[in-house]
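Please look over the sequence and the structure shown here before reading on. The paragraphs that follow lead from single residues and helices to domains, and then to the place where the chains meet.

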Amino acid sequence: MRKETWILLMHISTVERLPITTTGSPLLVRTKTFQSVFFVIPRERDCHEMHQTLLRLSQPVNLEELYCFHYKSTPDDLPKSAGWNFFDIQTEFQRMNVPNEQWTLCNANRDYELCDTYPSEIYVPARASSAVLLGSASFRSRGRLPVLAYLHHNKAAIARCSQPLSGFSARCMEDEQMLDLIRRANPNCGYMYVVDTRPRINAMVNRAAGKGYENEAFYENIKFQFMGIGNIHVMRKSLQKLVETCEQNSPTMSSFLNGLESSGWLKHIKSILDTSWWIASAISGGVSVCVHCSDGWDRTAQVCSLAALCIEPHYRTINGYQALIEKDWLSFGHKFTARCGHVACDSRERSPVFTQLLDCTWQLLRQAPEAFQFNERFLLTLHDHAHACQYGTFIGNCQKDRRDLRLSERTFSLWGYMASHLNEYKNPLYNPKAYPDILKPDLSAQSIRFWRGMYCRHESGVHPRESLADLLPAAVHHATALTHHIDYLAKRISTFKNLLSGRKERKDDTVVNYQNGSSDTVDIETKMEAAEIDNKQSAMMSCTPIRAHDVTSKSKHRQHARTLHYESGGNLSELECANHDHPLKEGAPKIIPLITEKADAMIPATLSLLEAEISTVALDWKTIKNVTECGCSTPLDHFSRKHHCWGCGRVVCTRCVAARAALPALHAARAAPLCAACAPSTPSTPVTPPDLLTSAT
Amino acid sequence: MEFIELILINKLDGVILRYPHHDNVDGTVCITGHHLILSSRKEGVRELWLLHRNIDSIEKKENKLSGGVVQGGFLYLKCKDLRIFQLDINNTTELSLLAQTLENLSSIQDPTLFYPFFYRHMHPIMENGYTLYSIEGEFTKVIATEEWRISRVNQNYTVCQSYPKAVVVPKCIDDETLAAAATFRQGGRFPVLSYRHNNGAVLLRAGQPLYGPKHRRCRPDEQILNSIVNVGMKGVIYDLRSSNMISQQQNKGGGSESPSNYSQWKIYNRPMDEVDNQQPLLESFSKLIETCIDREISCDKWLSRLESCGWPESVRNSLHTACIIAQHIHQRSEPVLVHGTRGEDATLLICSLVQIILNPDSRTIRGLQALIDREWLQGGHPFQSRVTSGPYSSRPRAAPTFTLFLDCVRQFLEQFPCSFEYRQCFLITLFEHAYASQFGSFLCDSDRERSALGVYDQTTSLWSWMNQPEELAVYINPLYDPTHDVIWPSVAPMSYVIWEELYLRWLVKQRTEEKEELYRVIRTREQALRAQAQQLRRELNDLAQQYYAQDK
């Protein structure tokens, strides 16, 4: 069995040398994707060198060394520009009908002069003068003044900011005015909430440092509320304990549950969700909320986006969720580079803040799968890429950083890659009508679950043996394939009927349009080159040099480790699903009219040729449920992407999808994934060669 | 005894009923011999019909007004199906009378007074569930091997009171040997066949040997066991108790097989004391449910109480034990004998789980019914004693062993969502009917008692009702795609899922059925399209043949 473990260098979180044993020097590599791989290297010097090498390579000293600046082409041959313009903050606010009478786009931060960690476009109350803005910014930690984050159609708004520099008694008229203006921007309510997401004690401590929280006596008509989400250090330590719990060698039920409990991870997830839901209910009740924590870029980002996710169905779509990340996280300055540890820096800056956003989203997804257009794989992909640095999307700590680095010119965007793989992220259970409005999560402790799919992802033995995440999409894809096949059959039947009746009537070229209901385009989309996994440039590390027997038995259960595949094989119909203006939709695909009226009247010369044509498409697909490896002997575990060959119906791995080509027995000849055996020898020729055809006349 | 003596009040107006996921109902309570009925007498509001036998505990709380005056109060009815009802009653006397009435009715222990003996099934019965899974039918293939036979040594229940009339034993062993061996096993439960795997390896079960402080020995018992071990092989005995428990039992006359007497057998321990001793399991279940219905619990408390109740570990341990035994049978083709103390709890649980792993038939609806019939009902699990208490009360000999079994099956369903013909609501239905039902299937403690009381003649079997086509459809898993092989579940702690559709159903609105409906839609569409494509292929083929034939 060909077993390879691929680990992206950027994913390496720690490399640890353990005490030498009789078999050799052990090296423990832990990744940010919750994989841990244990090597035993026979020679100590090799181990030492490998240790040093991995340390150096996994922690670049400066941003310019990051993978994204060297990554030259995506598997889908997308241009570099793809994805960078998918989301912009103005469009997102326009969707919320902003600017309007109450809220306006403010130019004061165009060159980041007001606040360098905010986006250049900020939305503030229309009546706020520049003096108020300046004054308020100077009274807030790092100039992060209160600005609009989300506006509900009932005019209640979520505003976000950082803590005020109030100390024990300081006050600022402009800041007080600013909050009052935000309150007045919602004409339906005489008060507003100010939510400090921190536990009271943390906020108190900050007062000693000249920071703190709003005094209800100074600010008119506010109701102040502490929440109790821990800070980044608490979260980092909690995750560390959680990982240790998952890494236990032979965990018992007690040690697992106790470890889970003492990590506090679920408690923190619950506190974030509790706060988010609190905000969401206030907003849906028509009361505006101003949210802050310390600097307003960690906890604030979490609860603002999760509250919006509960209130607004749009954010539960694939594009909407990406827009939400783009707005609340990337634009408003969540420090991805520091929190994910992209470059060597103070490890105390690292914290799983974004991971928690995804975990909280997963909790909601688990409870109400119909509400979300995306699936678990979508969340895992976001998580892995936030750390991978393969795409420029998550590089830097704020919008200004990203502009200074000219990322949109120099690197690829994750959104471009994901747009061409949409099919993988679609949730087959999604039904927009199920939750047309607010999504109320159940937040009792019993309903907050451990996300096995994230933290035990690489322990292939603990997942369901038959995965619905594979089976349901396979059923959906099979139905699509069958629909196209049925259309083809209907068309052929109609041709033959005409021919048979035409014989009697001697009437040629009459084509009755016998179609089977599918409204898919008749044009064939040209196949995107299914590029191979681009491992040459991907600076990945293979650990194959270490022979299998060198790996001790301890590592065995972790050896189901899987490479992060940046897999190939998008096709254009997926791009068409993206409902925004996709730059690739213009120009790039050549539209070849394949099945024309004329071609329709062409039929195979003999019955056996017709039968051969029909059988290019499999009626039955092999079940995915007992498949543990691909025909090429690549192991297929719980989270490996499994494909069906439309030609023979076998299950293959990503690498074995040899080609995507149109099949003659599919009506809307979309590029169907094929295994090597079924792929035509010249993959670019989707049409049956002309010599097999005979004119109908 | 007449019900009339027990019913102190049979009608009460102006009662307010509160219970989870429903609006409060204002209505009239009626008490019959078997039901508490609450009716609002309004269109569209469903009446509540609650079997007295479903009531697990009754708590009365009086409203104390200022000045020590008591005016009315409420009754908490905690049910074995885990529901908790609250009845608000204005009049203090009526409150007491109702509480006393329900207390009287719910503590009746005579099975012939239970509802199944009064219930008349409205629809014609297509097949009688009581005769559906006869031992001859179930073991046809096994008997055909010429190695096993059906023995009627227990025809009059004299050899073993908890065994059925007929059992399957090695062909070469005569009835006298069986009767002699029975004297050496607790409760007369001599070794009988539970399951024969397709590789010929078998699973046997029995009661503990009466080895005792005097180190008794019983040649007939050894003869039975040795008769099934092939030359050059060893059998495996799994004693489901800790060594502490074994030595305790040995002092009382029980114990484990002595290795010297059973030299052809390897003897292992796999402790499941909490299951075999009933009381700890009931406590564990009570704590579990108490934790599950606590609305205000914090995340920390939830996890630590879940851990300390021990239920998840019992589930995991049961699965683990079953996997180990299934491995002996499937991978090494070794015969296995399983026993605990009496062999009526942990033993039956493990034998059943081993079959879920090994036998694809047990993953079908009828297969599970047959399994429950063979292992639990005929196998002598004392249902009546075990279900006298749900999680809200504690009576001696009560234990949720069968619930533990269903929970383990639920774990399989989670891990193998396609391999089972039934879905989890089937398990919940079984759970509910085991505790309180209009059907007679789970009445009494043994086949002997059921025969004696006329259960088989005078009541309707649960299977008779379940197997009606329209009822059966409810339980079918839309994703069913049979696996014809052995299935090995994960027993890692992170694979354990709480059975939320049962334990959390009154706390959190469960949406499993909606999800399953979506699965069904997806699957049905796929299948319909496939059928259509096939049909069109045929049509095209016919036309093409016509055309090409003319062409020639």
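Two residues are said to be in contact here if their C-beta atoms, placed from the backbone, lie within 7 Å. With residues up to four places away in sequence left out, Tyr488(A) touches Ala665(A), Leu666(A) and His667(A). The model is a predicted one, and everything described below should be read with that in mind.

Tyr488(A) itself sits in helix H19 of chain A. Is Tyr488(A) buried or exposed? The cut-off for a buried residue is 20 or more other C-beta atoms within 10 Å of its own, and Tyr488(A) has 26 other C-beta atoms within that 10 Å, so it counts as buried. Its C-alpha atom is separated by 60 Å from that of Cys47(A), a residue 441 places away from Tyr488(A) along the chain.

A second residue worth following is Cys293(A), which an unreviewed UniProt entry annotates as "active site". Cys293(A) lies in the loop that runs between strand S11 (289-292) and helix H9 (299-311) of chain A. Cys293(A) is also buried, because 28 other C-beta atoms fall within 10 Å. Setting aside residues up to four places away in sequence, the residues that Cys293(A) touches are Thr197(A), Arg198(A), Asp298(A), Arg299(A) and Thr300(A).

From these two residues one can step back to chain A as a whole, which contains 22 helices and 20 strands. Chain A has 697 residues, and 51% of them count as buried. Of the contacts in chain A between residues at least 6 apart in sequence, 74% join residues that are at least 24 apart. The domain assignment divides chain A into domain 1 (9-59), domain 2 (89-248 + 258-458) and domain 3 (466-491 + 608-681). Taken over C-alpha atoms, the centres of domain 1 of chain A and domain 3 of chain A are separated by 40 Å. The unreviewed UniProt entry, for its part, places the feature "domain: Myotubularin phosphatase" at residues 83-455 of chain A. Over residues 83-455 of chain A, the chain is 45% helix and 9% strand, and the C-alpha atoms at the two ends are 29 Å apart.

One helix from each chain may be examined in more detail. In chain A, helix H10 (residues 318-331) has 14 residues and reaches 18 Å from its first C-alpha to its last, which is close to the 20 Å expected at 1.5 Å a residue. H10(A) is mostly covered, with 13 of its 14 residues buried, and just after H10(A) comes Gly333(A), which takes a positive phi of about 80 degrees.

In chain B, helix H14 (residues 365-378) has 14 residues and spans 18 Å from first C-alpha to last, close to the expected 20 Å at 1.5 Å a residue. Where does H14(B) bend? The bend is at Ile372(B), and amounts to about 25 degrees. Of the 14 residues of H14(B), 12 are buried, so this helix is largely enclosed by the rest of the structure. Among these buried residues are Ile372(B) itself, Asp373(B), Arg374(B), Glu375(B) and Trp376(B). H14(B) is followed by Gly380(B), which has a positive phi near 90 degrees.

The domain assignment of chain B gives domain 1 (3-108) and domain 2 (135-509), and the C-alpha centres of domain 1 of chain B and domain 2 of chain B lie 37 Å apart. The contact between them takes 13 residues from domain 1 of chain B and 13 residues from domain 2 of chain B. On the side of domain 1 of chain B that touches domain 2 of chain B, the elements that give two or more residues are strand S5 (55-64) and strand S6 (70-79) of chain B. By class, that side of domain 1 of chain B has 4 nonpolar, 3 polar and 6 charged residues.

Finally, there is the contact between the chains, to which chain A gives 57 residues and chain B gives 56 residues. On the side of chain A that touches chain B, two or more residues come from each of helix H7 (253-263), helix H8 (265-284), helix H19 (468-505) and helix H22 (607-614) of chain A. Which element gives the most to this side of chain A? H19(A) does, with 20 residues, and H19 is also the helix in which Tyr488(A) has its place. The residues on the side of chain A that touches chain B divide into 33 nonpolar, 13 polar and 11 charged.

Key
Residues numbered from 1 in each chain as written. Chains lettered and ligands numbered in written order. Predicted model: local features only at pLDDT ≥ 70, side-chain atom pairs only at ≥ 80, totals over all residues. Helix = DSSP H or I, 4+ residues; strand = E, 2+ residues; numbered from the N terminus. Nonpolar A, V, L, I, M, F, W, Y, C, P; charged D, E, K, R; others polar. Domains from an automatic or database assignment. UniProt positions renumbered as here; feature names shortened; annotations may be inferred. Expected span 1.5 Å × (residues − 1). Bend = angle between axes of the 7 residues up to and from the residue.
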